[in-house]
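Visitor: I am new to reading protein structures and would like to learn how to go from a picture to careful statements. Could you take me through one, feature by feature?

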Number of protein chains: 4
Amino acid sequence: MVIILKENSDSAQLENLIAWLETKDISIHKSEGENSTILGLVGDTSALDIDMLQALSIVKDVKRIQEPFKNAGRQFHPNDTVIDVSGVLIGGGNTTIIAGPCSVESREQLLMIAQSVKKSGAKMLRGGAFKPRTSPYAFQGLGADGLTLLLEAKKETGLPIVTEILDASQIPLFEDVDIIQVGARNMQNFELLKELGKLRKPILLKRGIACTINELLMSAEYLLAGGNSEVILCERGIRTFETQTRYTLDLSAIPVLRSLSHLPIIVDPSHSTGNARFVHSMSVAAIAAGADGLLIEVHNDPACALCDGQQSLTPWTFDRVAKSVFAVAPYACRERI
Amino acid sequence: MVIILKENSDSAQLENLIAWLETKDISIHKSEGENSTILGLVGDTSALDIDMLQALSIVKDVKRIQEPFKNAGRQFHPNDTVIDVSGVLIGGGNTTIIAGPCSVESREQLLMIAQSVKKSGAKMLRGGAFKPRTSPYAFQGLGADGLTLLLEAKKETGLPIVTEILDASQIPLFEDVDIIQVGARNMQNFELLKELGKLRKPILLKRGIACTINELLMSAEYLLAGGNSEVILCERGIRTFETQTRYTLDLSAIPVLRSLSHLPIIVDPSHSTGNARFVHSMSVAAIAAGADGLLIEVHNDPACALCDGQQSLTPWTFDRVAKSVFAVAPYACRERI
Amino acid sequence: MVIILKENSDSAQLENLIAWLETKDISIHKSEGENSTILGLVGDTSALDIDMLQALSIVKDVKRIQEPFKNAGRQFHPNDTVIDVSGVLIGGGNTTIIAGPCSVESREQLLMIAQSVKKSGAKMLRGGAFKPRTSPYAFQGLGADGLTLLLEAKKETGLPIVTEILDASQIPLFEDVDIIQVGARNMQNFELLKELGKLRKPILLKRGIACTINELLMSAEYLLAGGNSEVILCERGIRTFETQTRYTLDLSAIPVLRSLSHLPIIVDPSHSTGNARFVHSMSVAAIAAGADGLLIEVHNDPACALCDGQQSLTPWTFDRVAKSVFAVAPYACRERI
Amino acid sequence: MVIILKENSDSAQLENLIAWLETKDISIHKSEGENSTILGLVGDTSALDIDMLQALSIVKDVKRIQEPFKNAGRQFHPNDTVIDVSGVLIGGGNTTIIAGPCSVESREQLLMIAQSVKKSGAKMLRGGAFKPRTSPYAFQGLGADGLTLLLEAKKETGLPIVTEILDASQIPLFEDVDIIQVGARNMQNFELLKELGKLRKPILLKRGIACTINELLMSAEYLLAGGNSEVILCERGIRTFETQTRYTLDLSAIPVLRSLSHLPIIVDPSHSTGNARFVHSMSVAAIAAGADGLLIEVHNDPACALCDGQQSLTPWTFDRVAKSVFAVAPYACRERI
């Protein structure tokens, strides 16, 4: 970490600052230029609050030289993490598609979709039981009953399941869930992250819609610092001014995350675009860019005209998307230049 | 609500849609133009999921005509809500300043600040006990001990207190807190909102950094729908590309919220700008724009050079800001044109 | 176009509005519901100013049903436009790479790069002669001399050239340029667009960093309405809060543009990421997503350490990127679901 | 400027870099830490391209210590600039309202509005003659005829006039215009800025909707570096995800600009909100925050129902807004803490 001091800084304050840093086991290299003085900090600076330092009256600017995410970062973990989810591998060159309905609606619906996506090559089943909804009047999911249906579908098809948790109090219900999903709105629900960090179970951590890549890695750090080493990062779109898509899918986040972190990276083309018509294109793009997998919404309910055409693909369209994805995968750019 | 259908929509699907809407007690007025058909929906459409409708294969577009926030909206509550917090009024033409340190650090610190801001005209004391921090390695607040110190400061000074909750499991600890703050990161923590909706205690709801004004009102709706009618809205900056300030304070949100909702509106100039130098200017601007109050960070620890200059004001600067605020207040624009 | 009127609209104002619309050869279908009245407009509404209508005191909302870009839109031009640039095709299933240095610096530099990228499969040469720079003190390009060097390189290598124009007064200098580039900052320089619309020469139109997809198509419409039918759209990143990349490359814009417009779509992975390390990944992703080509910065000046490592690729890295791009191209998703 | 080098940087490249910097008359202070080496640059670094340096393979990061806007910055111009526009002062504690119609439509319209706003306290008249329009099919303004009408209104009322230029070729038409406005879309039209820098006439420079405060000051620097010292900065809203207002008015830009620059600051509450109902509130807020003036749209055409209710105020509402503005002005925060 480098601290650039203001010109003519008060020397008593500067001594205070240096003394305080030394209590943190950080040694200081001072370098004085004509107009400014620079402090080089050597030691473990990951616990220093950069905002606090930046706010000091004698400080002009502060610059981190090492990234603050020790566990999520590549520096001490050069090799890609590969997560084994009941035999399905995520990371390390595998292309893993997780598919299923937005909400679990019924036993029949779920089984039909699960069997269909399995046939098309999906390796895991997703489905929402607890649904975070902007409006208190909207359908909030089947809750614990939805979880039961997911576990039944897992038994029937052999597909491990992924489903979203909304609150730490629900953890006991998720004991048999294979991957617990933390939604974008909870990416900085630190109390939830602390509890999930105590588990030994894979966590799929979605990027918040206004969160930077660094913040995503800091949230992963909460899980890893707690001892849970199985974290999967998920890019699902950020909020911008563009309105033709529900969010803007930030595919550049893939090579950036790849260069900064060893954790596997999954992309959700369904929620990000909010439109089934754009899912095919974004799925192959994400894989070409080096993503380790996809999280895709698939829905099929021929009796109900209402579901047709949503951000969900039909099983038939999903089959075509999966074929394209597997065709592109061998040519993906997974290297770190 | 108006549904604009695609040209040559499938008539069986259209009949399905109309039949389904009628099961929701919504009647339909169909109007056929040369190129398109429009359905006008009459009835309580607040529970309809606009995204779901928009996604139907026969639907071109959907347009709400009435706002979906029945309880937070002005339509059925034309008069401003005024909240009485142990004798301090928020809303209805009062200018209420809430001030205090970012984090509660010690008994001495808190009391010194509380007495000082009270003298300058603050009507309530704020202070963080549970702190949401981006990094797991940063100071997480004093927790329950911080709450105890706040309650002591309340006893000593008579100032009602405001402090942030991070998780529903902490609710019992907040029994004697006057206003519970929901931070920006938790604005869409719906499980927490549902639990807080069951209380009968004022909630200060901060706008998420990437949340629209409509979403803020929908989150308020969670609290109101639960039966808790004492909700205070708080604008605290949104995330944009500008980096000279930590966030971009969206003061236009004040007249927009004023026109849409009857709830009181508070502005936080400290977190939004992230820089004490801009707090004075944004405080008077917020009040001039019609805000009902301010949430300002004040800190004083002369023994510790580290705190100087942060986003917190010193008690001395706060005194000048408060004087300006009270001078501008009589000329504020609170009308709804 | 559909106009939704406010409840209890003044009937004299409504008659005025209808009379005015009729002077524009637009006929009106009025449909009265219980709470609101809707006007359906039939005729050529592309010249109506939606903002102006929305602002009328009797209007609640206005909704376009047809897109306002008649010439750029697919509705009347269902087939993809393919542009022939001195024998090089852009659009229609071709994968066209345009490569070259950010700025033209010298004859040697340009020729070396041109020959090298040609060998790797680039079909056109790019290079900046007039450079838009944020700072007035930064290098502004070689100007007319740069154009001369580009034309020499074209002669030598046979590669058609693409270079940026900054002002309509420069048009005469661009007579022998194959494609004139309009940079992101000039996407809404309507005076320049009007002049370029009079030419019969391909224009590469870059999306402004804060411009929506609709605005990009409206700017293309300026060129097309002027009679210049050879417009190439270019996605080059939009400005968001993320700072790990210089801009956020919006690859979802590819399928969105594909569905709305018949014009070819090019992606610039160099400027958008601002980092050579991410260009490989974003290049293959763009092609997989269905882009018709790429605009890539390549630089080589072994004598000058200063150029190493920028957002430009070295010729050697470019060769590898080009190989990946051509390998992925056959599996690209170019369909419109 | 401080350059932080990567660990184990190639020493030949480092020597190249240092040699090159020395050719620019910059001397280097090298300071070696345990893990990294830092170069402190002393001399005039304003012409160095920070992006280029940042991109060097041996460079980890670059940090400016002095702002790159020498002429627009406060460092060498500590006192506020006050601009005298035919006797009307802008800056230096004056509160100057510029008002008028969005577009000049007719002699009668313009005169009626000019006389009315003058009576309410406006000191200058604004009006659009050349209009930048997103759509090529929308009304593009009266052009030169509009300028003639503005000059007539100036003669009649004595109000100096402000109107927008779109292209350098129009400069001769603007000879008698008192302030030339550069619109948001042209803030980075550097060719236009260079030409306007040659004039000796006040320029009102609007912030681009996706431009940072630093970029605004760099564009001002183009004008100042050309020798035109009369530059007025204008905040008019930036593009964000919020849709309740057309743009998000960034009022924090006022104290930020005040601290960085000596140039006067004007705010446009009409275009930023896009809604006349929010103009009153944002006008008093801008003045309270320390703005030197306002640019407000006023329109009155009783014969034409179409104009009612737009982002323009009626003369009657403008009169009330102006009264509020002058009442708040004495309590504005113009200080720099």
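Visitor: What share of the contacts in chain A with a separation of 6 or more comes from residues 24 or more positions apart?

Guide: Please keep in mind that this is a predicted model. In chain A, 68% of the contacts with a separation of 6 or more are made by residues 24 or more positions apart. The chain has ten helices and 14 strands, and its C-alpha trace spans about 75 × 40 × 40 Å along the principal axes.

Visitor: How many residues does chain A have, and what percentage of them count as buried?

Guide: A residue is called buried when its relative accessible area is under 20%. Chain A has 337 residues, and 65% of them count as buried.

Visitor: Let us turn to a single residue. Where is B:Arg258 placed in chain B, and is B:Arg258 buried or exposed?

Guide: B:Arg258 belongs to helix H7 of chain B, which covers residues 253–260. With a relative accessible area of 5%, B:Arg258 is buried, because the cut-off for that word is under 20%.

Visitor: Which polar atoms lie around the side chain of B:Arg258?

Guide: One is the backbone oxygen of B:Gly290, which lies 2.3 Å from a polar atom of that side chain. There is also a polar contact of 3.4 Å between the side chains of B:Arg258 and B:Asp292.

Visitor: In chain D, where does D:Asp292 lie, and which residues beyond its sequence neighbours is D:Asp292 in contact with?

Guide: D:Asp292 is in the loop that runs between helix H9 (279–288) and strand E14 (293–297) of chain D, and its relative accessible area of 1% makes D:Asp292 a buried residue. Leaving aside neighbours within four places in sequence, the residues in contact with D:Asp292 include D:Gly91, D:Gly92 and D:Gly93, as well as D:Arg258 and D:Arg334.

Visitor: Which residues is B:Ser252 in contact with, once its neighbours within four places in sequence are left aside?

Guide: They are D:Thr245, D:Leu249, D:Thr273 and D:Met282. B:Ser252 itself sits in the loop between strand E12 (231–235) and H7 of chain B, and B:Ser252 counts as buried at 1% relative accessibility. Sequence and space can also be set side by side here, since B:Ser252 and B:Glu235 are 17 residues apart in sequence and 9.9 Å apart from C-alpha to C-alpha.

Visitor: How should I read the relation between two copies, such as chain C and chain D?

Guide: The general idea is that two copies of a chain are related by a rotation about an axis and a shift along it. Here, a turn of 180 degrees and a shift of 0.0 Å along the axis lay chain C on chain D with an RMSD of 0.1 Å. That is the relation of a two-fold axis. Of the residues of chain C, C:Ala210 comes closest to the rotation axis, with its C-alpha at 2.7 Å. The same surface serves both copies, in that 98% of the contact residues of chain C recur in chain D.

Visitor: How many residues does each of the two chains bring to the contact, and what area is buried between them?

Guide: Chain C brings 50 residues and chain D brings 49 residues. The area buried between chain C and chain D is about 4300 Å², and carbon and sulfur atoms give 54% of that area.

Visitor: Which charged or polar pairs are found across this interface?

Guide: Two salt bridges are found across the interface of chain C and chain D. One of them joins C:Glu215 and D:Arg239, whose closest N and O atoms are 2.7 Å apart. The interface also has 18 residue pairs in polar contact, counting pairs with both residues at pLDDT 80 or more. On the side of chain C that touches chain D, at least two residues each are supplied by helix H1 (11–23), helix H2 (50–54), helix H5 (190–197) and helix H6 (213–225). The largest share, five residues, comes from H6(C). By type, the residues on this side of chain C divide into 21 nonpolar, 16 polar and 13 charged.

Visitor: One last feature, the backbone angle phi. What is its value in B:Asp25 and in C:Asp25?

Guide: Most residues other than glycine have a negative phi. B:Asp25, although not a glycine, has a positive phi of about 65 degrees, and phi of C:Asp25 is also positive, near 65 degrees. B:Asp25 lies in the loop between helix H1 (11–23) and strand E2 (27–32) of chain B, and B:Asp25 counts as exposed at 69% relative accessibility. C:Asp25 is found in the loop between H1 and strand E2 (27–32) of chain C, and C:Asp25 is exposed, with a relative accessible area of 68%.

Methods: Residues numbered from 1 in each chain as written. Chains lettered and ligands numbered in written order. Predicted model: local features only at pLDDT ≥ 70, side-chain atom pairs only at ≥ 80, totals over all residues. Heavy atoms only, no water. Helix = DSSP H or I, 4+ residues; strand = E, 2+ residues; numbered from the N terminus. Buried < 20%, exposed > 50% of the residue type's maximum accessible area, 1.4 Å probe, protein only. Polar contact = N/O pair within 3.5 Å; in protein donor to acceptor, adjacent residues only side chain to side chain. Contact = heavy atoms within 4.5 Å. Buried area = accessible area lost by both parts, 1.4 Å probe. Salt bridge = Lys/Arg side-chain N within 4 Å of Asp/Glu carboxyl O. Nonpolar A, V, L, I, M, F, W, Y, C, P; charged D, E, K, R; others polar. Least-squares fit on C-alpha atoms with pLDDT ≥ 70 in both.
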